[in-house]
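Tutor: Keep the sequence and the structure open beside you. We'll work through them by question and answer.

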Amino acid sequence: MGLAFGALLVVGLPAVLWQTLHGRSGTPAAAGLGRQPATIPVTVAAASRQDVPRILQGIGTAQAVNTVTIRTRVDGALQAILFTEGQEVKAGDPLARIDPRPYQAALDQATAKKRQDEAQLANARHDLARYENLAQRDFGSHQQADTQKAQVDQLQAQVDGDQAAIDNARLQLDYTTIRSPVDGRIGFRQVDIGNILHASETTGIAVVTQTRPISVIFSLPEDRLHSVVQAMAAGPLPVAIDSRDGRNHLGDGVLKLIDNQVDQTTGTIRLKAEFPNADDRLWPGEFVTARLTLGTDRQVLTVPPGAVQRGADGLHVYVAKPDNTVELRTVKAARLDTAPVVISDGLRDGERVVVSGQLKLQPGSRIDPRQAGNGTDGGTDGTAVPVADGAP
């Protein structure tokens with residue numbers, strides 16, 4: 001029995017070994033090494049020439065051109081509120097009224113005092129004329145005529161002072177009607193009717209903000225200062241404003257000025273841009289994203305940002321060859337922080353580059369290319385998207 005089992009084992013081992021090496025079909029397993037490797041699906045886009053703007057991006061805040069706290073300039077009871085909270089007002093529009101009666105009485109008193117002094121002045125002038133006539137005919141002394149002339153001058157000065165008192169009283173009366181000094185939008189009312197207001201108080205009746213036009217103050221890294229100064233010397237620089245989340249475009253304006261010193265604490269420089277804001281899309285105090293355009297690079301070679309990879313030897317891309325294999329190509333980028341990326345060396349116009357799916361690629365890999373659409377996988381659509389720190 002043991003000899004029969006041993007014979008079976010000896011006979012069966014070659015059969016098992018044959019089955020293992022050749023497979024069930026009898027074809028050698030090593031023949032599988034000669035099969036074509038599987039293709040790798042990738043997305044490709046053609047390198048193309050286009051205009052790419054040079055954009056700096058920074059975070060800023062919208063600020064009213066003028067912010068005026070409406071206060072009283074005279075003491076008195078607040079008699080009337082002549083505005084509605086939130087309404088737009090024009091320069092000179094009445095906003096509130098202080099009880100004018102005490103100031104009207106002061107004006108009337110000053111006017112009466114002037115009439116009294118004018119009457120005395122008229123009488124003194126008549127006396128002067130008589131004294132001078134008598135002195136010319138030697139019927140009176142010249143000293144008396146001179147004394148009377150001095151009296152006339154004194155009364156004239158008193159009348160002039162009365163006129164100044166009238167002007168001041170009229171001005172105080174005019175201050176009882178509080179008017180808007182600028183065009184703008186008025187905010188919350190801070191004081192109710194009936195309260196006694198004093199010119200020395202710091203709390204105002206309301207605040208008017210001028211938002212047409214409106215300013216935006218934003219910051220950029222200090223190492224961008226000289227490029228901004230150089231571009232600004234060549235002409236006005238456009239600034240576009242988007243909402244903080246980047247979803248809404250809020251306005252287009254012009255850079256007005258660069259602050260006269262760098263903030264050494266943050267290493268940034270502040271800039272101010274002005275916008276018409278005719279549609280009131282920008283609101284004072286709102287955080288926004290500012291995009292400053294320094295200029296445009298004309299007809300430069302570009303690829304989508306996803307095509308450029310960084311390796312130990314620098315930047316490279318996978319170039320899709322006509323036979324649907326890939327070549328690893330070292331490139332140089334003139335501007336790496338925008339979409340599309342500007343290539344200065346290593347590619348030719350029209351060459352296809354892989355923009356997604358590079359993880360499984362090696363030089364010579366066979367690919368199944370799919371064309372990138374506009375705005376897909378970082379496709380070149382001509383829109384420059386700067387990095388957050390504003391690098392050019």
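**A sheet, two cores and a few residues**

Student: Which residue in strand 5 stands opposite leucine 78?

Tutor: First, this is a predicted model, where local features need pLDDT of at least 70 and side-chain atom pairs count only at pLDDT 80 or more, while totals for chains, interfaces and linings use all residues. Residues are numbered from 1 along each chain as its sequence is written, and side-chain values use heavy atoms, with hydrogens and water left out. Strand 3 and strand 5 run antiparallel to each other and share three bridges (strands pair if DSSP finds at least two bridges between them). Across from leucine 78, in strand 5, sits isoleucine 98.

Student: How many helices and strands does the protein chain have?

Tutor: Both are DSSP runs numbered from the N terminus: helices are H or I with at least four residues, and strands are E with at least two. Counted that way, the protein chain has four helices and 20 strands.

Student: In what order do the four strands of the open sheet come?

Tutor: We've already met strand 3 and strand 5 as antiparallel partners. Strand 5, residues 94-98, also pairs with strand 6, again antiparallel and over three bridges. The four strands form an open sheet with antiparallel pairing, and the order is 6-5-3-8.

Student: Which strands stand at the edges of that sheet?

Tutor: Look for strands with a single partner, because one side of each is then left without a neighbour in the sheet. The two that fit are strand 6 (177-179) and strand 8 (196-197).

Student: What stands opposite proline 94?

Tutor: Strand 5 starts at residue 94 and pairs with strand 6, which is where you should look across. There, in strand 6, the residue facing proline 94 is arginine 179.

Student: Which element gives the most residues to the largest nonpolar core?

Tutor: A nonpolar core is a set of buried Ala, Val, Leu, Ile, Met, Phe, Trp, Tyr and Cys residues joined through side-chain atoms within 4.5 Å. The largest one has 24 residues, and Leu78, Phe83, Leu95, Ile205 and Val208 have the most contacts inside it. At least two residues each come from strand 3 (76-81), strand 5, helix 2 (101-136), helix 3 (142-175) and strand 9 (206-221). With four residues, the biggest giver is helix 3.

Student: How many residues are in the other core, the one that lies apart?

Tutor: Among its members are Val216, Phe218, Val288 and Leu294. Its size in residues is 23.

Student: Which residues does phenylalanine 83 contact, leaving aside neighbours within four places in sequence?

Tutor: Phenylalanine 83 is one of the residues with the most contacts inside the largest core. Contact means heavy atoms within 4.5 Å. Past its sequence neighbours, phenylalanine 83 is in contact with Leu95, Ile186, Gly187, Arg189, Ile205 and Ala206.

Student: Does glutamine 358 count as buried or exposed?

Tutor: Glutamine 358 sits in the loop between strand 19 (352-356) and strand 20 (367-371). Not counting residues up to four places away in sequence, glutamine 358 touches Gly306, Ala307, Gln309 and Tyr318. Buried means under 20% relative accessible area, exposed over 50%, and partly exposed in between (1.4 Å probe, protein chains only). Glutamine 358 has 12% relative accessibility, so it counts as buried.

Student: What share of the 392 residues in the protein chain is buried?

Tutor: Glutamine 358 is one residue that counts as buried. Over the whole protein chain, the buried share is 36%.

Student: How far apart in space are arginine 270 and leucine 220, C-alpha to C-alpha?

Tutor: Arginine 270 is in strand 12 (residues 268-275) and is partly exposed, with a relative accessible area of 44%. Leaving out neighbours within four places, arginine 270 contacts Ile217, Phe218, Ser219, Ile258 and Asp259. Arginine 270 and leucine 220 are 50 residues apart in sequence, yet their C-alpha distance is 6.6 Å.

Student: What share of the contacts with a separation of 6 or more joins residues 24 or more positions apart?

Tutor: Arginine 270 and leucine 220 gave us a pair 50 residues apart in sequence. For the protein chain, residues 24 or more positions apart make up a share of 76%.

Student: Which residue stands opposite lysine 332?

Tutor: Strand 17 (residues 332-335) and strand 18 (residues 341-345) pair antiparallel over three bridges. A hairpin of five residues links strand 17 to strand 18. Facing lysine 332, in strand 18, is aspartate 345.
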